[in-house]
Amino acid sequence: MHVRSLIALVLALITSAISSAADNWPAFRGPKGDGTSEAKGIPTRWSETENIRWKTPIHGKGWSSPVVWGDQVWLTTADEDGFDPKAPIPKGPNAPGGVKKVTFFAMCMDTKTGKVLHDINLGFQEKPQYCHPFNSYASPTPVIEEGRLYAHFGSLGTWAVDTASGKALWERRDLKCDHFRGAGSSPILYKNLLILIFDGFDFQYVVALDKDTGKTVWRQDRNIKYKTDNGDYKKAYATARVLEVDGKPNLICPSSECTIAYDPETGKELWRLTHGGMNGASRPIAGNGMMFLTSGHTGKLLAVKQGVQGNVPEEAIAWTLGKGVPSRPSLLFHDGLLFLTSDNGIATAVDAKSGKALYSERLDGDTSASPVLVDGNIYSCNQAGKTFVFTATPEYNLVATNRLDDGCMASPAVAGDALYIRTKSALYCIAKK
């Protein structure tokens with residue numbers, strides 16, 4: 001009986017862990033940071049009138065993805081006041097844009113009904129630094145844990161929010177960086193640290209804050225040798241990811257020109273790979289004993305052997321791919337395959353071991369959102385409001401094409417039995433009724 005009870009307890013703990021991972025979507029790219037979900041029963045077909053559990057309008061403008069914890073789904077947004085569409089695009093650092101004032105919000109909806117539980121005015125900034133119209137002042141995705149949301153708006157502010165009361169617990173408005181075209185890098189949690197990337201025109205650094213107090217624990221400058229003083233070649237939008245390599249955590253932080261890994265506890269640099277490129281936004285992924293990194297607008301995908309140190313030598317790169325590689329959407333890894341959705345909407349499957357492209361199929365429309373993998377299917381949302389669902393297999397097999405009224409810039413979230421899609425004007429809960 002004792003053995004049977006022990007086995008039952010172990011199985012219960014495993015089931016609970018799997019359920020917890022499937023029920024929460026705590027950060028950009030989900031619980032594992034790679035865009036995959038353990039959820040089951042997610043619809044593959046929907047419309048404005050089919051398989052919509054609820055639809056909640058969202059005020060302001062923001063491309064941050066929704067995050068889910070328990071019965072709450074959160075996102076950030078920003079209200080712009082007094083925008084001048086004729087304002088010139090800044091050519092130098094620290095130039096204001098055409099917005100007189102921007103106000104930052106964290107919104108929370110009930111996962112069952114879509115009712116707005118919190119709409120928190122976190123603060124505002126008069127004459128904020130320029131943000132390109134293609135971007136938004138609320139593009140970084142927040143990160144959530146039990147009882148706490150961390151809302152980040154680049155150098156314009158970072159807040160910790162109590163998810164029950166909606167009260168702001170601490171804020172930081174002093175982390176300087178001219179994002180030049182707007183912020184995009186999302187925060188991550190690692191143990192007691194909230195880790196942020198700032199890659200702008202004037203400063204490029206990674207900083208770790210104590211998640212309980214907001215105080216700086218460590219800060220590490222990037223020290224990248226750029227080929228030009230043009231600010232567009234220095235900025236980047238990527239989100240960090242911690243990967244275990246030879247039993248040690250590597251905080252991998254892509255940027256323009258380089259991808260650099262740090263010790264997440266101290267900020268000490270572990271290795272760097274110089275690959276060129278700019279504007280990188282794809283989050284690192286791993287599989288088959290390799291790390292898969294992209295170079296941004298130069299359109300290069302690199303398969304890098306794990307265990308590298310210092311300046312990564314050329315022989316540590318197993319293969320590269322230069323066609324169909326995204327600069328904005330992140331990649332997916334599944335069953336020895338890489339799945340890519342390019343900025344211009346081309347879906348590609350790649351053999352992760354050899355780098356050989358197995359297929360390339362044109363989807364309809366430009367894409368900024370990162371795809372997600374659920375129950376053997378890939379969901380890819382585009383800027384026109386279409387979501388393509390196709391199988392995660394070596395052959396391209398389109399399952400469904402679904403359309404909503406507005407376009408998607410944010411990546412979807414998956415939790416419980418629901419898919420959460422944020423369009424430019426609303427948040428949808430897509431689930432079987």
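User: In this predicted model, over how many bridges do strand 32 and strand 33 pair, and in which sense?
Analyst: The model is a predicted one. Strand 33 covers residues 418–422, and one opposed pair is alanine 413 with tyrosine 420 in strand 33. Strand 32 and strand 33 pair over three bridges, and the sense is antiparallel.

User: Which strands are the edge strands of the open sheet with the order 2-34-33-32?
Analyst: Four strands form this sheet, with antiparallel pairing. An edge strand here pairs on one side only. That holds for strand 2 (52–57) and strand 32 (413–415).

User: By how many degrees are neighbouring strands of that sheet turned against each other on average?
Analyst: The sheet runs in the order 2-34-33-32. With direction ignored, the average turn between its neighbouring strands is 15 degrees.
The value asked for is 15 degrees.

User: In the open sheet with the order 3-4-5-6, which strands stand at the edges?
Analyst: The sheet has four strands and antiparallel pairing. A strand at the edge has a single partner strand, so one side of it is left without a neighbour in the sheet. The strands in that position are strand 3 (67–69) and strand 6 (116–126).

User: Which residue in strand 5 is the bridge partner of glutamate 80?
Analyst: Strand 4 (residues 72–81) and strand 5 (residues 101–110) run antiparallel and are joined by ten bridges. In strand 5, glutamate 80 has as its bridge partner valine 102.

User: Which residue takes a positive phi in the hairpin of strand 26 and strand 27?
Analyst: Strand 26 (residues 346–351) and strand 27 (residues 357–362) pair in the antiparallel sense over five bridges. Isoleucine 346 has arginine 362 in strand 27 as its bridge partner. The hairpin has five residues between the strands. The residue with a positive phi, near 85 degrees, is glycine 355.

User: Is strand 29 largely enclosed or exposed?
Analyst: Asn377, Tyr379 and Cys381 point one way from the strand, and Ile378 and Ser380 point the other way. In a regular strand the side chains alternate between the two faces of the sheet. Five of the five residues of strand 29 (residues 377–381) are buried, so the rest of the structure leaves this strand largely enclosed.

User: Which residue in the turn between strand 29 and strand 30 has a positive phi?
Analyst: Strand 29 and strand 30 (residues 386–391) run antiparallel and are joined by five bridges. One bridge pairs serine 380 with phenylalanine 388 in strand 30. The two strands form a hairpin with four residues between them. The turn residue with a positive phi, about 95 degrees, is glycine 385.

User: Why does arginine 222 count as buried?
Analyst: Arginine 222 lies in the loop between strand 14 (216–221) and strand 15 (241–245). Residues that arginine 222 touches include Ile197, Val206, Pro254 and Arg272. Buried means under 20% relative accessible area. Arginine 222 counts as buried because its relative accessibility is 0%.

User: Which side chain does a polar contact of 3.0 Å join to the side chain of arginine 222?
Analyst: The side chain of arginine 222 has a polar contact of 3.2 Å with that of tyrosine 262. The contact of 3.0 Å joins the side chain of arginine 222 to that of aspartate 199.

User: What is the volume of the largest cavity?
Analyst: The count comes to three cavities of 30 Å³ or more. Among the residues lining the largest cavity are Tyr130, Phe153, Leu156 and His179. The volume of this largest cavity is about 60 Å³.

How values were computed. Residues are numbered from 1 along each chain as its sequence is written. This is a predicted model: local features need pLDDT of at least 70, side-chain atom pairs count only at pLDDT 80 or more; totals for chains, interfaces and linings use all residues. Side-chain values use heavy atoms; hydrogens and water are left out. Buried means under 20% relative accessible area, exposed over 50%, partly exposed in between (1.4 Å probe, protein chains only). A polar contact is a pair of N or O atoms within 3.5 Å; within protein, one must be able to donate a hydrogen and the other to accept it, and residues adjacent in sequence count only if both atoms are side-chain atoms. Contact means heavy atoms within 4.5 Å. Two strands pair if DSSP finds at least two bridges between them. Axes are lines fitted to C-alpha atoms, for helices over the stretch in contact, and angles run from 0 to 180 degrees between N-to-C directions. On a 1 Å grid over the protein atoms alone, a cavity is a set of points where a 1.4 Å probe fits but cannot get out, and a pocket is an open set with protein on both sides within 12 Å along at least five of seven lines; lining residues have an atom within 4 Å of a point. Grid points are joined across faces, edges and corners, and a volume is the space filled by probe spheres set on the points. Lists of a residue's contacts leave out its neighbours within four places in sequence.
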